[in-house]
Amino acid sequence: MRRNILAGNWKMNTSLFEGIELFNSIVEKSYSFSDKNIHFIIAPPYTHLATMDANRLINLSLAAQNCSKNENGAFTGEISVDIIKSVGAKAVIIGHSEIRQNFNEKNSSLKEKVDVAIGKGLDIIYCCGETDKNRNQNDQESVVENQVSEALFHLSYSDFGKVIVAYEPVWAIGTGITASPEQAQNIHAFIRGLISNRFDTSLANSTSILYGGSCNSKNAKDLFECKDIDGGLIGGASLKADEFIHIATTLVAAKDNE
Ligand code: PGA
């Protein structure tokens, strides 16, 4: 059975104090999910990670929002995988579109980050997704295929087992416009097909593929009822504990009914 995952990407939000409050609130509201098929991942700003104790919940882990492809040394402002591990995070988000765009990051450089993160034992949430221009030109599949294959398909079978894929159409992130369940399901099934062709059906069927982009408690049900959508990478709606937990309840209910 593949894992259902709800990840909160806090981006550049919350002071340390606000972050600790939000984290504590999410943890307290999450105890009731401990026997459910749902895993929570919280990705706060780097500065907060060391103050958060993910061991309080069996089905919760922490992630960094990015990492350096370099192992250590004179890279001012960067954070290495070893530093991330040293503060208790078990995963890292790689390839978020905001980082692809703001830092002109290419698949080739993301591949290096993937290698260093997985090589040192972190799980990764690898983001992919087309822009509105790509979609208007009906290029969404080829764009996503390049993003996934160029940064992930050199991995060994067992290393690919540490990958969570997040499909995040760029035009849906932070815009209030969500991909329709059909649009999202089609790309999720497409990604699963790519994994199956590269590796095999068993690995494809055990890989969690998350949807991200203006997902909230109102639209989550229709998205999570799609058979290839295994949860969400949630930005804005992860900044309120009640809303995030509402989305978690929706995910569990949608998958229980499958
Ligand atoms: P959003 O962000 O939910 O605010 O659209 C999602 C993301 O960027 O991961």
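**Entry 1: the whole chain**

I began with contacts across the sequence: among contacts in the protein between residues at least 6 apart in sequence, 71% join residues at least 24 apart. I keep in mind throughout that this is a predicted model.

I then looked up the secondary structure, which comes to twelve helices and eight strands. The C-alpha trace spans about 50 × 45 × 35 Å along its principal axes. For the radius of gyration I noted 17 Å, which agrees with the value near 18 Å that a compact globule of 258 residues would have.

Of the 258 residues, 54% are buried, and the accessible surface of the protein comes to about 11400 Å², with carbon and sulfur atoms holding 49% of that area.

**Entry 2: the ligand**

Which residues come nearest to the ligand? I found 13 residues around the ligand, and K11, H96, E168, G174 and S214 are the ones that come nearest. Sorted by class, this shell has seven polar, four nonpolar and two charged residues.

I went on to the backbone atoms that face oxygen atoms of the ligand. A backbone N or O atom of G174 lies 2.7 Å from a ligand oxygen, a polar backbone atom of G235 is 2.9 Å from an oxygen atom of the ligand, and for G236 I also noted a polar backbone atom at 2.9 Å from a ligand oxygen. The ligand has 280 Å² of accessible area on its own, and the protein covers 95% of that area.

**Entry 3: K11 and Q65**

Since K11 is listed among the residues that come nearest to the ligand, I looked up its setting. K11 sits in the loop between β1 (5-9) and α1 (16-30), and its phi is positive, at about 55 degrees, although K11 is not a glycine. Is K11 buried, partly exposed or exposed? I record K11 as partly exposed, because its relative accessible area is 21% and the buried class ends under 20%.

K11 is also one of the contacts of Q65, which, leaving aside neighbours within four places in sequence, touches N9, W10, K11, A43, P44, P45, I93 and I99. Q65 itself is found in the loop between β3 (60-64) and α3 (81-86), and with 18% relative accessibility Q65 counts as buried. I followed the Q65 side chain to two backbone oxygens: a polar atom of this side chain lies 3.0 Å from the backbone oxygen of A43, and the side chain reaches the backbone oxygen of P44 at 3.3 Å.

**Entry 4: H48**

I found H48 in helix α2, which covers residues 46-49. H48 is buried, with a relative accessible area of 3%. What is H48 in contact with, leaving aside its neighbours within four places in sequence? I listed W10, N13, T14, S15, L16 and G19; W10 also appears among the contacts of Q65.

**Entry 5: K85**

The place of K85 is in helix α3, and K85 is partly exposed, with a relative accessible area of 38%. Beyond its neighbours within four places in sequence, K85 is in contact with K120 and L122. With K120 I looked further and found that the side chain of K85 reaches the backbone oxygen of K120 at 2.6 Å. I also took down the C-alpha to C-alpha distance from K85 to A50, which is 9.9 Å for a pair 35 residues apart in sequence.

**Entry 6: N138 and F153**

I turned to the loops on either side of α7. N138 lies in the loop between α6 (132-136) and α7 (140-152), and it has a positive phi of about 60 degrees although it is not a glycine. I noted N138 as exposed, with a relative accessible area of 59%.

F153 lies in the loop between α7 and α8 (157-160). Here I recorded a relative accessibility of 15%, at which F153 counts as buried. Leaving aside neighbours within four places in sequence, F153 is in contact with V148, F160, L194, I195, R198 and F199. As a last distance I looked up F153 and A89, which are 64 residues apart in sequence and 24 Å apart in space, C-alpha to C-alpha.

Notes. Residues are numbered from 1 along each chain as its sequence is written. This is a predicted model: local features need pLDDT of at least 70, side-chain atom pairs count only at pLDDT 80 or more; totals for chains, interfaces and linings use all residues. Side-chain values use heavy atoms; hydrogens and water are left out. A residue is near a molecule or strand if one of its heavy atoms lies within 4 Å of it. A polar contact is a pair of N or O atoms within 3.5 Å; within protein, one must be able to donate a hydrogen and the other to accept it, and residues adjacent in sequence count only if both atoms are side-chain atoms. Accessible areas come from the Shrake-Rupley method with a 1.4 Å probe; for residues, only the protein chains shown count as cover. Ala, Val, Leu, Ile, Met, Phe, Trp, Tyr, Cys and Pro count as nonpolar, Asp, Glu, Lys and Arg as charged, and the others, Gly among them, as polar. Helices (H or I, at least four residues) and strands (E, at least two) are DSSP runs, numbered from the N terminus. The radius of gyration is taken over C-alpha atoms; the globule rule is 2.2 Å times the number of residues to the power 0.38. Buried means under 20% relative accessible area, exposed over 50%, partly exposed in between (1.4 Å probe, protein chains only). Contact means heavy atoms within 4.5 Å.
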